2 protein chains.
Amino acid sequence: MDGFVAAGRSGGIKPSGALDMAIVATADATPVAAAGVFTSNRMTAAPVVVSRGHLARSGGLAAAVICNSGNANAATGRQGLADAERMCELTAESLGGHSDHVLVCSTGLIGFELPMDRIAAGIPKVVAARHPAGGSEAAVAMMTTDTVAKEVTVAGGGFTVGGIAKGAAMLEPNMATMLAVLTTDAAAEPAALEEVLRAAVAGSFNRLTVDGAQSTNDTVLLLANGAAGRAPDGALAAALAEACGDLALQMADDAEGSTKTVLLRVTGAASDAEAAKAARDCANCQLVKCSWFGEDPYWGRIASEFGAAGVAFDPERITIAYGNHTVYAEGRPARPDADALAAYMRQRRLHLNVDLGIGDGQAEIVTVDLSHGYVDENSKTS
Amino acid sequence: MDGFVAAGRSGGIKPSGALDMAIVATADATPVAAAGVFTSNRMTAAPVVVSRGHLARSGGLAAAVICNSGNANAATGRQGLADAERMCELTAESLGGHSDHVLVCSTGLIGFELPMDRIAAGIPKVVAARHPAGGSEAAVAMMTTDTVAKEVTVAGGGFTVGGIAKGAAMLEPNMATMLAVLTTDAAAEPAALEEVLRAAVAGSFNRLTVDGAQSTNDTVLLLANGAAGRAPDGALAAALAEACGDLALQMADDAEGSTKTVLLRVTGAASDAEAAKAARDCANCQLVKCSWFGEDPYWGRIASEFGAAGVAFDPERITIAYGNHTVYAEGRPARPDADALAAYMRQRRLHLNVDLGIGDGQAEIVTVDLSHGYVDENSKTS
């Protein structure tokens with residue numbers, strides 16, 4: 001989007017020679033307001049530690065984000081921290097600026113040190129290649145097990161929000177860490193920017209789960225250059241929520257081996273928190289995930305998962321429906337139109353609605369099935 | 001074992017015609033001390049509700065356990081409760097006794113009513129077929145997705161404990177509910193029997209997890225006929241723990257589609273509870289399970305899972321080893337002998353030892369990998 005530049009290049013980190021280095025920067029390389037939301041995994045990857053530190057030291061200002069794929073620089077100890085800092089220094093040297101104004105993201109295999117000789121050679125090249133239309137190639141260079149690049153642009157209410165992302169989920173992502181770099185023209189103090197970013201992440205990436213595992217590297221960054229001349233307000237919040245929600249759905253549709261994207265909506269729980277707990281347990285249940293892969297509306301396993309979730313529950317009150325097809329109600333299997341239900345289950349996106357009949361609590365979560373493709377992807381030797 | 005009889009027959013519940021009805025009873029059909037441990041799933045299956053009620057009404061006395069496979073009689077509402085009661089009544093009529101002294105177990109698909117005409121015809125036949133050596137055929141008749149029957153006999157310290165079981169786990173079992181029926185010659189009050197049974201279950205079935213899902217039907221029953229003339233003591237506890245532990249390992253080795261049984265031992269945690277929490281999270285992580293299927297000692301994902309478990313954690317202090325092969329220590333990958341490690345990973349049973357380096361807390365858990373066979377088993381249309 002206007003006022004930002006980007007690029008993607010191959011630095012030779014991936015054996016395949018595919019793009020593996022990306023940069024997103026302000027057009028004139030000056031620092032602007034910035035905010036970040038990071039993994040809560042205590043096995044925190046080095047780039048997360050370094051980016052958090054830079055945002056703290058700079059008071060929430062950044063001029064650029066440097067990314068690599070193919071290696072997560074996680075579980076790499078002191079050497080990993082030094083390498084992440086060095087990536088920022090080299091980027092700052094090429095851009096002309098201070099390394100505290102550079103943020104860094106890495107994604108790929110965990111537990112291996114970065115090939116710093118290749119990265120040091122690649123950074124000046126990717127920085128020099130930056131241009132106004134470079135977002136798409138930067139999105140490609142962030143990919144690991146992704147099969148398509150993820151991009152979004154939302155304009156409305158006087159603001160524009162652009163974003164690129166990779167991976168499958170936030171807080172509960174799969175092997176391939178979730179990263180997103182967003183830009184906007186809002187004129188924001190860093191604290192206000194972080195507040196609106198946290199809200200958008202809570203309603204999008206944090207409601208997506210692929211396999212219940214949480215990455216060491218998950219990062220969502222937002223840079224705001226102020227070109228719109230307006231401070232953050234409800235319109236920015238809406239645009240950012242739409243952008244993040246769109247990217248989260250793109251991730252689910254491209255999740256490792258997935259053949260179904262399931263939008264699970266839980267209503268009638270004792271509280272919103274209980275609805276969210278039960279929804280997440282059901283979404284992460286291997287048995288339920290396999291039933292989706294088999295296009296099987298297996299209500300018994302879904303009811304069982306809600307019964308085991310530790311929330312207020314009455315077997316006589318739960319109602320389970322796929323789309324408009326009720327499959328379980330009033331303590332016994334319903335009698336849906338079998339052909340219509342089978343046709344519904346063949347769709348890529350399924351709406352699963354579970355009402356607990358207890359109270360007013362509700363929650364939504366986006367998840368995917370568990371397929372042979374997932375097993376293949378994650379049983380390959382690292 | 002002496003003083004008990006059993007049988008397995010086909011009642012026509014399974015379309016395949018395989019054995020699907022089983023009975024275990026005292027030899028003379030008189031009630032003896034009995035205890036049960038049941039699922040904590042709130043979507044409680046009808047046979048669990050009925051068996052609990054019978055133990056309460058009889059003051060912990062039972063003469064027989066009637067089982068069927070092929071249908072779990074779960075999520076079946078009031079009709080399911082009536083059907084489970086009817087199974088006990090029919091068994092009591094055939095045996096000559098009171099239905100409160102009959103316990104009932106069902107396993108198989110959830111959410112379908114029992115074919116009571118077939119079951120009513122089958123009960124007199126299986127009851128009439130009971131004989132002293134019938135344990136093996138009863139174990140076969142309890143099987144669902146099991147590929148082998150599970151039996152155990154332990155003698156020692158003046159007691160004998162016998163048992164048959166089916167399924168894959170307790171509290172976190174897979175689709176095929178975990179059931180175990182144990183017998184002993186101890187002379188016990190029901191309360192003392194329940195105490196020793198709970199301890200044995202806690203140290204065996206409750207430390208086994210296949211996929212984190214909890215069944216509606218999980219049941220462990222113990223009948224004690226008093227023939228040994230001795231009250232429960234440490235020797236009975238040891239024999240019962242050995243019997244339950246042996247059956248739990250048999251379940252892991254036969255878990256749906258599994259190719260690896262992993263004995264995960266966590267030490268050095270801040271507390272035993274934190275060790276158990278982290279061990280369970282790691283054992284249930286789809287990514288880690290897939291790495292075992294691929295015979296890949298992927299330390300990075302294991303370290304990440306412990307970092308995400310919400311327990312006291314320091315990336316510099318965690319040590320990860322497969323058998324004697326240390327793969328991660330002191331904040332960085334170790335350098336194990338690659339060939340020896342690869343040979344180790346090819347074994348069916350793997351010992352994974354994780355030391356957190358924080359405190360004295362420890363826990364053990366038994367789990368399995370995630371394979372194509374599991375996906376196949378659980379994506380078939382019900």
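How many residues does the contact take from chain A and from chain B? In this predicted model, 58 residues of chain A and 58 residues of chain B take part in the contact. The area buried between the two chains is about 4,800 Å², and carbon and sulfur atoms give 55% of that area.

The arrangement of the copies was examined by superposition. A turn of 180° with a shift of 0.0 Å along the axis lays chain A on chain B with an RMSD of 0.0 Å. The two copies are thus related as by a two-fold rotation axis. Within chain A, A:H372 has the C-alpha nearest the axis, at 2.9 Å from it. Of the interface residues of chain A, 100% are also interface residues in chain B, so the copies meet through the same surface.

Polar interactions between the chains were also counted. Two salt bridges are found across the interface of chain A and chain B. A salt bridge joins the side chains of A:E113 and B:R332, with an N to O distance of 2.6 Å. Between chain A and chain B, 21 residue pairs are in polar contact, both residues being at pLDDT 80 or more.

On the side of chain A that touches chain B, the elements giving two or more residues are α8 (286-293), α9 (299-307), β15 (332-333) and α11 (372-379) of chain A. The largest share comes from α9(A), with seven residues. By class, this side of chain A has 24 nonpolar, 23 polar and 11 charged residues.

Definitions and conventions: Residues numbered from 1 in each chain as written. Chains lettered and ligands numbered in written order. Predicted model: local features only at pLDDT ≥ 70, side-chain atom pairs only at ≥ 80, totals over all residues. Heavy atoms only, no water. Contact = heavy atoms within 4.5 Å. Buried area = accessible area lost by both parts, 1.4 Å probe. Salt bridge = Lys/Arg side-chain N within 4 Å of Asp/Glu carboxyl O. Polar contact = N/O pair within 3.5 Å; in protein donor to acceptor, adjacent residues only side chain to side chain. Helix = DSSP H or I, 4+ residues; strand = E, 2+ residues; numbered from the N terminus. Nonpolar A, V, L, I, M, F, W, Y, C, P; charged D, E, K, R; others polar. Least-squares fit on C-alpha atoms with pLDDT ≥ 70 in both.
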